[in-house]
Amino acid sequence: MTGAEVGPVEVLTFRAGYNTGVVMAGAAALGAAAGGVGTFLLLRARAMAADAVGHATLPGIVLAFVAAGLLGADGRSLPVLLAGAAATGMLGMAAAEALTRSTRLAPDAAIAIALSVSYAIGIVLLSWVQTLPQGSQGGLESFILGQAAALSASEAVGLGVAALVALAVLLALFRPFGLLCFDEDHARARGWPVARLDAALLALGVLVTVLGLQTVGLVLVVALLILPAVAARFWSERLKGIFWLSIAFGAGGAFLGAAASAVWPRAPTGASIVLALGAVFAASLLAAPRRGIFAEAFRRGTAGWRLRAARALQAGRGYPGAALVGWRRGGRPTARGAAAVARLELWDRCLAESPDALPAGLAWGIDPLPPEALAQLGRRNR
């Protein structure tokens, strides 16, 4: 079946051929692993490290292609190319770490230097390959934007298995990675090897980045790692919730992107996957029940109404809708309405007597004052 003969329904229900189904399943496994690793990279403030690794892989891909040709091997072999990518990806990350530790450069500046220099070297090497007697770049440009359709079934199975192995390692180290992200000093005090854990997390990031080169491409691989985690953060406050949601978002986005590439062969796989993940992020940004824009706008509007209603009750007046929420009945405030007025008066007292105790992040006059603010207000009144 060619891409023009395959419809979306056939692709999504695995009726578009064995190779297409295996590639989509492998992409989904890769997305799941990327989502899991990306969760800890995001919490560890290493989001841009994946971008540096991705761009640093390009010189390794080209050099592996040339070296394999000189040794009489197949320079287009995916394992050979990914081995070269892993080698220079690790070198790029090591260079960024060395710049951060041995100079006064900020981490983002060091990553930017490693990213730009390594990518420039890769582009120069790509141009040089075209001048060699053996011919062209051999399809190496597909690693820039990704081309999952070019994967054979065996290659897709290999990538999927490697991604699942990375996910299994991540699950085995879930607890120490959580400690590393949230309280490095506590992890060190508990006897965990913090430096080794940090290196293991970066190694998993490099592995997933290298595995995602043929599918997503080195330019967009950082999105595969970070977008699922950022989207999941809108839906949950707990590490486990963010972790599993990120895995689900990554797998779903990669699956849909690979499916789009199968339906429309001219659509770059990497861009299709990132667009799918971008849609998940946009939906999360807008519709997440606690942190989404719509929920926040509703909370702000509701808080504004409640504040105005409490002010009206404080002044002995009614307010539209106060009866509907049980704050006023028979022309007089109810117990709930009186409690709302009492909370507002506490906020007013705190502003007048202990303004430094005013809590941040709470709805003014609506949310209860925290115990520490009440305690400080009580001490001022002694």
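The exchange below walks through helices, salt bridges and aromatic pairs in a predicted model.

Visitor: Which residues does the model let you discuss, and how are they numbered?
Guide: In this predicted model, local features need pLDDT of at least 70 and side-chain atom pairs count only at pLDDT 80 or more, while totals for chains, interfaces and linings use all residues. Side-chain values use heavy atoms, with hydrogens and water left out, and residues are numbered from 1 along each chain as its sequence is written.

Visitor: How far apart do the C-alpha centres of domain 1 and domain 2 lie?
Guide: The chain is divided into domain 1 (8-287) and domain 2 (293-381). These bounds come from an automatic or database domain assignment. The separation of the two C-alpha centres is 49 Å.

Visitor: What does helix α3 reach from its first C-alpha to its last?
Guide: Helices are DSSP runs (H or I, at least four residues), as are strands (E, at least two), numbered from the N terminus. The expected span is 1.5 Å times one less than the number of residues. Helix α3 covers residues 49-70, which is 22 residues, and its reach is close to the expected value: 32 Å.

Visitor: Where in α3 does the kink lie?
Guide: The bend at a residue is the angle between axes fitted to the seven residues ending there and the seven starting there. In α3 the kink is about 25° and comes shortly before the proline Pro59. Its position is Leu58.

Visitor: How many of the 22 residues of α3 are buried?
Guide: Buried means under 20% relative accessible area, exposed over 50%, and partly exposed in between (1.4 Å probe, protein chains only). The rest of the structure largely encloses α3, because the buried count is 18.

Visitor: Which residue with a positive phi follows α3?
Guide: The phi value is near 80°. The residue is Gly72.

Visitor: Which residue forms a salt bridge with Asp198?
Guide: A salt bridge is a side-chain nitrogen of Lys or Arg within 4 Å of a carboxyl oxygen of Asp or Glu. By this rule the count comes to nine. For Asp198, the closest N and O atoms are 3.4 Å apart, and the partner is Arg44.

Visitor: How many residues apart are Asp198 and Arg44?
Guide: The pair links distant parts of the chain. Asp198 sits in helix α10 (residues 194-211), and Arg44 in the loop between α2 (18-43) and α3. The separation is 154 residues.

Visitor: Is Arg44 buried or exposed?
Guide: The relative accessible area of Arg44 is 15%. Asp198 and Arg44 share one class: buried.

Visitor: Which residues are linked with Arg44 in a network of salt bridges?
Guide: Asp198 belongs to this network with Arg44. The remaining members are Glu184, Asp185 and Arg188.

Visitor: Which helix holds both Arg300 and Glu296?
Guide: Their side chains meet in a salt bridge of 3.1 Å, N to O. Arg300 counts as exposed at 60% relative accessibility, and Glu296 as partly exposed at 31%. The two are four residues apart, about one turn of helix α14 (residues 293-314).

Visitor: Which residue forms a salt bridge with Arg311?
Guide: The closest N and O atoms are 2.8 Å apart, and the partner is Asp348. Arg311 lies in α14 and Asp348 in helix α15 (residues 335-353), so the pair ties together parts 37 residues apart in sequence. Arg311 is partly exposed at 33%. Asp348 is also partly exposed, at 22%, which completes the picture for the partner asked for, Asp348.

Visitor: What is the angle between the planes of Phe243 and Trp244?
Guide: Rings of Phe, Tyr and Trp (its six-membered ring) pair if their centres lie within 6.5 Å; planes under 30 degrees apart count as stacked, over 60 as edge-to-face and the rest as tilted. The structure holds eight such pairs. Phe243 and Trp244 are edge-to-face, with centres 5.2 Å apart and planes at 80°.

Visitor: Which residues form one aromatic cluster with Phe243 and Trp244?
Guide: Phe243 is buried at 0% relative accessibility, whereas Trp244 is partly exposed at 48%. The other cluster members are Phe40, Phe174 and Phe177.
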